[in-house]
Amino acid sequence: QVQLVESGGGLVQAGDSLRLSCAASGRAFSNYAMGWFRQAPGKEREGVAVINWSGAYKYYADAVKGRFTISRDNAKNTVYLQMNSLKPEDTAVYYCALRFGSATPNIYDEYGYWGQGTQVTVSS
């Protein structure tokens, strides 16, 4: 059984920064992709950033390019999302996701394991 636990969300002002973390546990891990997705009220869940096992491949949604950075520490089974220059439109529940294998899709239904979500609220 895989568990994902996110942390780092909160209430910030526009222009501020936040760092989200997601730690995976529950089994031996190798060769898996991880990603961050978000869902705002009344909107569909969307891919924000994903990263492959080695960290050599990263995908970012156009809306966050240049502001967000995804990284991972495989020794800790942890993925991070550094969010800078936050905007009110970044307000959403952010979810961490994991899928085993070498593929690194940015589509949420390709991921089988999910965290509980962490709220990020950016005030103007």
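**Legends: one predicted chain, several views**

**View 1. An all-strand layout, β-β-β-β-β-β-β-β-β-β-β along the sequence.** This is a predicted model. Counting elements, you get eleven strands and zero helices. For contacts between residues at least 6 apart in sequence, 58% link partners that are at least 24 apart.

**View 2. The overall dimensions of the chain.** Laid along its principal axes, the set of C-alpha atoms fills a box of roughly 40 × 25 × 25 Å. How does the radius of gyration sit with a compact globule? A globule of 124 residues would come out near 14 Å, and the chain has 13 Å, so the two agree.

**View 3. Surface and burial.** About 6,200 Å² of the chain is exposed, with carbon and sulfur atoms supplying 46% of that area. On the inside, 44% of the 124 residues count as buried.

**View 4. Charged side chains.** There are 12 positive and 10 negative side chains here. Take the centre of each set and you find the two centres 6 Å apart.

**View 5. Close-up on Gln-13, in strand 2.** Strand 2 covers residues 10–13, and Gln-13 is part of that run. Is Gln-13 buried or exposed? Its relative accessibility is 53%, and because the exposed class starts over 50%, Gln-13 counts as exposed.

**View 6. Gln-13 and its partners from far along the chain.** Leaving aside residues up to four places away in sequence, Gln-13 touches Val-122 and Ser-123. Gln-13 and Val-122 are 109 residues apart along the chain, yet their C-alpha atoms are separated by 5.2 Å.

Terms used:
Residues are numbered from 1 along each chain as its sequence is written. This is a predicted model: local features need pLDDT of at least 70, side-chain atom pairs count only at pLDDT 80 or more; totals for chains, interfaces and linings use all residues. Side-chain values use heavy atoms; hydrogens and water are left out. Helices (H or I, at least four residues) and strands (E, at least two) are DSSP runs, numbered from the N terminus. Buried means under 20% relative accessible area, exposed over 50%, partly exposed in between (1.4 Å probe, protein chains only). Contact means heavy atoms within 4.5 Å. The radius of gyration is taken over C-alpha atoms; the globule rule is 2.2 Å times the number of residues to the power 0.38. Accessible areas come from the Shrake-Rupley method with a 1.4 Å probe; for residues, only the protein chains shown count as cover. Lys and Arg count as positive and Asp and Glu as negative; His and the chain ends are not counted. The place of a charge is taken as NZ of Lys, CZ of Arg, CG of Asp or CD of Glu.
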